[in-house]
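Student: Could we go through the aromatic contacts in this structure? I would like to see the model before we begin.
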Amino acid sequence: MSQSHPRISKAVIPAAGLGTRFLPATKATPKEMLPVVDKPAIQYVVEEAVAAGLDDVLMVTGRNKRPLEDHFDRNYELESALEKKGDGERLAKVQESSDLATMHYVRQGDPKGLGHAVLCAAPHVGDEPFAVLLGDDLIDPRDPLLQRMIEVQQEHGGSVVALMEVAPEQIHLYGSAAIEATTDADVVRLSGLVEKPSREEAPSHYAIIGRYVLDPAVFDVLSKTEPGRGGEIQLTDALQQLATDATLGGPVHGVIFQGRRYDTGDRGDYLRAIVRLACEREDLGPDFRTWLQRFVTEEMQQR
């Protein structure tokens, strides 16, 4: 029998990273503001949270992240200029980001890792389950991963992570999960987690990707979690404790995701994400696909 658990309404988006893989572009521009076609990556993430019914969004930021706040705020001068020009289409796009959700911001003073960033959200979240969305992973809106994770959390309680099967040679880039089957084909129970293991040490090829639905008990565990890999407080280490000791805050389940994911944390995957999304746009796709096909054909002929 399914149990009743508190409704989830809050999303936390850690956005305090330095974006060193995208230097020099991120020297003065937050990596979350890099455009994916014509929207910054962070807007796709907020839109995903809102689509899942989470209209209260806390962004955990750091130094030089003011453009994130400005993007989700009103820009009266720009709006007035567009209105005077009669450019209703661009005016609507500008206003869209400021009307998406109720936005809140908190600074992560020291870059102590993802676990510490999540812990910074404790005063805002309080004693209720919440979602965490990482900005490097963009999930296609046609594949409602977060909604499914919320459903699983509402049924089982505890915490839920998103899992995706990756090639063995890539598992060292992710947290890896030891899993046990459940009666639902896309849901597993986690019996252990390891942060960025070697190929030989990985308990499975199922990687934790950047979506979590967490029980508030994680805050107490994080407050006592020692720095782990990289000298940082790892969220994976806290979830390992929750997975192996249900008395701390319920079980940890995983939703196996087989949909469309765009990884913008890597330069090559960032470019591929732009091409994929541009090809699928009704306003850009037809002409862009024609050009792309011609470009690839010409490149192949020259080799």
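Tutor: One definition is needed beforehand: helices are DSSP runs of H or I with at least four residues, numbered from the N terminus. Please note also that this is a predicted model.

Student: Understood. How many aromatic pairs does the structure hold?
Tutor: There are four aromatic pairs in the structure. One of them joins Phe 288 and Trp 291, with ring centres 5.8 Å apart and planes at 25°, so this pair is stacked.

Student: Why does that angle count as stacked?
Tutor: Planes under 30 degrees apart count as stacked, and the planes of Phe 288 and Trp 291 are at 25°.

Student: Where do these two sit along the chain, and how many residues apart are they?
Tutor: Both belong to helix 11, which covers residues 285-302. Phe 288 and Trp 291 are three residues apart there, so about one helical turn separates them.

Student: What other ring does Trp 291 pair with?
Tutor: Trp 291 also forms a stacked pair with Phe 295, at 5.1 Å centre to centre and with 15° between the planes. These two residues are four apart in helix 11, again about one helical turn. Phe 288, Trp 291 and Phe 295 form one aromatic cluster.

Student: And accessibility: buried, partly exposed or exposed?
Tutor: Phe 288 is partly exposed at 25% relative accessibility. Trp 291, at 39%, is partly exposed, and Phe 295 is likewise partly exposed at 36%.

Student: Changing topic, which residue lies over the face of Tyr 44?
Tutor: That is Lys 39, at 4.4 Å from the ring centre of Tyr 44.

Definitions and conventions:
Residues are numbered from 1 along each chain as its sequence is written. This is a predicted model: local features need pLDDT of at least 70, side-chain atom pairs count only at pLDDT 80 or more; totals for chains, interfaces and linings use all residues. Side-chain values use heavy atoms; hydrogens and water are left out. Rings of Phe, Tyr and Trp (its six-membered ring) pair if their centres lie within 6.5 Å; planes under 30 degrees apart count as stacked, over 60 as edge-to-face and the rest as tilted. Buried means under 20% relative accessible area, exposed over 50%, partly exposed in between (1.4 Å probe, protein chains only). A charge sits over a ring if NZ of Lys or CZ of Arg is within 6 Å of the ring centre and within 35 degrees of the ring normal.
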